[in-house]
Amino acid sequence: MMEIEEVNNYESLPLLSLNHVSLLCRSVWDSMRFYEEVLGFVPIKRPSSFKFNGAWLYNYGIGIHLIENPLIDDFDTIIEPRPINPKDNHISFQCRDVEIVKGRLEDMGMKYVTAVVEDEGNTVDQVFFHDPDGYMIELCNCENIPILPLSACLFKPRMSSFSRAVFGPAKCGLVENAMMESLSMDMLDISF
């Protein structure tokens, strides 16, 4: 697993990893069945001190904590099911084979939307669908695009011919370019 070094002036919080995602649900039973049967999560013991209906599930190094609230619709102005929109809030899971995922979702009669992301010759296939409460789930082969800190990016073509000769072709956005170009000019000023 790749660790990204913190480069700002502030010390980051002493985090280790994502532990769980907590979701309100209309029916713990329906949601548990979905997360078990569709996504392969396993119910685990939760603290007995909780005085509300809920369930904890675990797999893939992450927990899903379900909290039953049958009045969810009272807080949500959208009564009809939301469209499946890849640009909406969602939880994403890495999968081995997107085609198998699509086949199994079809076998279960579940609606889904697909998308493809391309970057520098790398392709990621994505499948989006909703859980029983309308939370969006993404399954993808996102490992196809490497995780690169912005500080590791190279310049865009708008840099000087000297910079292009030294650093090669561009790989970052406008803001990153401006920052890197300013830094390289500062370095040139210091060295002469």
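**Figure 1. The whole chain, seen as a starting point.** A residue counts as buried when its relative accessible area is under 20%, as exposed when over 50%, and as partly exposed in between (1.4 Å probe, protein chains only). By that yardstick, 27% of the 192 residues in the chain are buried. What you're looking at is a predicted model, where local features need pLDDT of at least 70 and side-chain atom pairs need 80 or more, while totals for chains, interfaces and linings use all residues. Residues are numbered from 1 along each chain as its sequence is written, and side-chain values use heavy atoms, with hydrogens and water left out. The chain has five helices and eight strands, which are DSSP runs numbered from the N terminus (helices: H or I, at least four residues; strands: E, at least two). Walk along the sequence and they come in the order β-α-β-β-β-α-β-α-β-β-β-α-α.

**Figure 2. Close-up of the largest pocket, between two domains.** Here, a pocket is an open set of points on a 1 Å grid over the protein atoms alone, where a 1.4 Å probe fits, with protein on both sides within 12 Å along at least five of seven lines; lining residues have an atom within 4 Å of a point. Grid points are joined across faces, edges and corners, and the volume is the space filled by probe spheres set on them. The largest pocket holds about 830 Å³ of space. Its lining has 25 residues, and Tyr60, Phe93, Gln94, Cys95 and Leu139 are the closest to the centre. At least two lining residues come from strand 5 (90–94), and at least two from helix 3 (98–107). Sort the lining by type and you get 16 nonpolar, five polar and four charged residues. (Nonpolar is Ala, Val, Leu, Ile, Met, Phe, Trp, Tyr, Cys and Pro; charged is Asp, Glu, Lys and Arg; the others, Gly among them, are polar.) Domain 1 (17–73) and domain 2 (81–147) both give residues to this lining, so the pocket lies between them. The domain bounds come from an automatic or database domain assignment.

**Figure 3. The largest nonpolar core.** This core is a set of buried Ala, Val, Leu, Ile, Met, Phe, Trp, Tyr and Cys residues joined through side-chain atoms within 4.5 Å. It has 25 residues, and Tyr35, Leu39, Ile64, Leu66, Phe93 and Phe129 have the most contacts inside it. Many elements chip in: strand 1, helix 1, strand 3 (54–59), strand 4 (62–68), strand 5, helix 3, strand 7 and strand 8 each supply at least two residues. Helix 1 gives the largest share, four residues. Each of the two domains supplies at least three residues of this core.

**Figure 4. A salt bridge that links two loops.** A salt bridge puts a side-chain nitrogen of Lys or Arg within 4 Å of a carboxyl oxygen of Asp or Glu. In this view, the side chains of Arg26 and Asp133 meet, with N and O 2.8 Å apart. Arg26 sits in the loop between strand 1 (20–25) and helix 1 (28–37), and Asp133 in the loop between strand 7 (122–130) and strand 8 (136–140), so the pair ties together parts that are 107 residues apart in sequence. Arg26 is partly exposed at 28% relative accessibility, whereas Asp133 is buried at 15%.

**Figure 5. Salt bridges within helices.** In helix 1, Arg33 and Asp30 are three residues apart, about one turn, and their side chains form a salt bridge (3.7 Å, N to O). Arg33 is partly exposed at 38%, and Asp30 is partly exposed at 36%. In helix 3, Lys102 and Glu99 are also three residues apart, about one helical turn; their closest N and O atoms are 3.0 Å apart. Lys102 is buried, with a relative accessible area of 18%, while Glu99 is exposed at 54%.

**Figure 6. Two loop residues with positive phi.** Most residues other than glycine have a negative phi. Tyr60 isn't a glycine, yet its phi is about 60 degrees. Tyr60 is in the loop between strand 3 and strand 4, and is exposed at 52%. Glu120, also not a glycine, has a positive phi of about 50 degrees. Glu120 lies in the loop between strand 6 (113–119) and strand 7, and counts as exposed at 53% relative accessibility.
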